[in-house]
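Subject: Structure handover and notes

Dear colleague,

I am passing on the structure we spoke about, together with some notes on what turned up in it. Please have the sequence and the model open while you read.

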Amino acid sequence: MNGKWYQGNGNNSDVVMYSKVRLARNLADAPFPRKMSGDIRKSITKKLYATVKSSPLANEFDLINTESLSESELESYAEKQLISNRLSENKPSFMLSKNEDISIILCSEDHIRINAFAAGENLEKAYEKADELDDVFISSQKIAFSEKLGFLTASPVNLGTGLKVSFALHLPALAQTGAIYRLTAMVGKLGLSLRDMFDSGSGDMFILSNHVSLGISEKSAIDNITAICDQIVQQERKTREQLKENIDFEDKIYRTMGILKTARKLSLDEFLDSLSVVRLGASLKYLDIDYKTIGDMLYELQNASLAVSSGEELTKEMTERLRAQIVRERLE
């Protein structure tokens, strides 16, 4: 079995951490999930699960019943971008592929939400994964579709293709020089959004995503956002090269690595900020550390994921001490 998707490298991985495709679909003969009773929700969930289990992809997925999960387990899946934080409100079930590169959320906002990931800048690969599953549902179920409006979704924002595409970008140079604010305004005028990956704004990691799904084809949406992503990659690389001329910049990279190798406590924000600096140092060949190690730490050492892996509820201090210990071990 292959490793987790976030352990791999891809095109432009120095800047583009991952690509994500989300497809929203609904059944034509059932009310939207927010209007469902509990019994209907369970019935639809079973039907959609059976659709996948009777397909050639049957052995690729496991059904995760969120009602049986602890709050830490639920939050851990959200930390890995596999589900939305909002899922805790009604706790719908979801299906998860073995290497966690695809999640299928059932009867949440829409009946079906397919999320597919690929390492680096590779929306085409992510889309192929999502499209294969989309074909499974379309061939077996009557999907809500209008010749005029396209795929019908619970939110008018997703009408049309039902497609949302996004890139996770590591932009420390643009963030540190303040250019990120101009960039955010620029992409907004182009019908895209650029927002912090983490609510705290730590880590200089951002999500670039599209807004429009009506009146535009899947290919056009992918091509448009990829073209903008390519421009951002070039801007970030150019700014990184300029920073390299400053000895304080180089000093910060090595000092940060030293802190991670020796710290006895690491808060989440300090961890994210420090990991961002180390990832930048790795991309510029200052540090001998690979993206797999960085990806493992990013997705496995956030608060809830640490609690799940430890098998116990952790206090804030216990979490910070355990995080620092694991980071020291992995950087030896």
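The notes below begin with the sheet and then turn to the aromatic side chains.

Please keep in mind throughout that this is a predicted model.

The sheet is open and has 8 strands, which follow the order β2-β3-β4-β5-β1-β8-β10-β9 with antiparallel pairing. Its edge strands are β2 (61-64) and β9 (192-196), each of which pairs on one side only. On average, and ignoring direction, neighbouring strands of this sheet are turned by 20° against each other. As general background, the strands of a sheet pair through backbone hydrogen bonds, either parallel or antiparallel.

Starting from the edge at β2, this strand is joined to β3 by 4 bridges in an antiparallel arrangement, and the bridge partner of Asp62 in β3 is Leu96. Strand β3 (residues 94-97) in turn runs antiparallel to β4, with 3 bridges between them, and here Leu96 stands opposite Ser103 of β4. The hairpin that β3 and β4 form has 4 residues between the strands, and within that hairpin Glu100 takes a positive phi near 65°.

Strand β4 (residues 102-106) is mostly covered, with 5 of its 5 residues buried. The cover extends to both of its faces, since Ile102, Ile104 and Leu106 on one side are buried, as are Ser103 and Ile105 on the other. With β5 this strand pairs in the antiparallel sense over 5 bridges, and Ile102 has Ala116 of β5 as its bridge partner. The hairpin of β4 and β5 has 5 residues between the strands, and Cys107 takes a positive phi near 55° there.

How many residues of strand β1 (residues 16-25) are buried? The count is 10 of the 10, so the strand is largely enclosed by the rest of the structure. Strand β1 pairs antiparallel with β5 (residues 112-119) over 8 bridges, where Val21 has Ala116 as its bridge partner. Strand β1 also pairs antiparallel with β8 (residues 163-170), over 7 bridges, and in that pairing Leu23 is matched with Leu163.

Towards the other end of the strand order, helix α5 (residues 179-189) lies across β9 and β10 (205-210), and the helix runs at about 145° to β9.

Turning to the side chains, a search of the whole structure finds 5 aromatic pairs. One of them is formed by Tyr18 and Phe117, which meet edge-to-face at 5.6 Å centre to centre with 70° between the planes. Because Tyr18 lies in strand β1 and Phe117 in strand β5, this pair ties together parts that are 99 residues apart in sequence. Both Tyr18 and Phe117 are buried.

Phe145 and Phe151 also form an edge-to-face pair, at 5.0 Å centre to centre and with 70° between the planes. Phe145 is partly exposed, with a relative accessible area of 45%, whereas Phe151 has a relative accessible area of 13% and is buried. What lies over the face of Phe151? Arg25 does, at 3.6 Å from the ring centre.

Finally, Phe249, Tyr254 and Tyr286 are linked into a cluster by ring pairs.

With best wishes

Conventions
Residues are numbered from 1 along each chain as its sequence is written. This is a predicted model: local features need pLDDT of at least 70, side-chain atom pairs count only at pLDDT 80 or more; totals for chains, interfaces and linings use all residues. Side-chain values use heavy atoms; hydrogens and water are left out. Buried means under 20% relative accessible area, exposed over 50%, partly exposed in between (1.4 Å probe, protein chains only). Helices (H or I, at least four residues) and strands (E, at least two) are DSSP runs, numbered from the N terminus. Two strands pair if DSSP finds at least two bridges between them. Axes are lines fitted to C-alpha atoms, for helices over the stretch in contact, and angles run from 0 to 180 degrees between N-to-C directions. Contact means heavy atoms within 4.5 Å. Rings of Phe, Tyr and Trp (its six-membered ring) pair if their centres lie within 6.5 Å; planes under 30 degrees apart count as stacked, over 60 as edge-to-face and the rest as tilted. A charge sits over a ring if NZ of Lys or CZ of Arg is within 6 Å of the ring centre and within 35 degrees of the ring normal.
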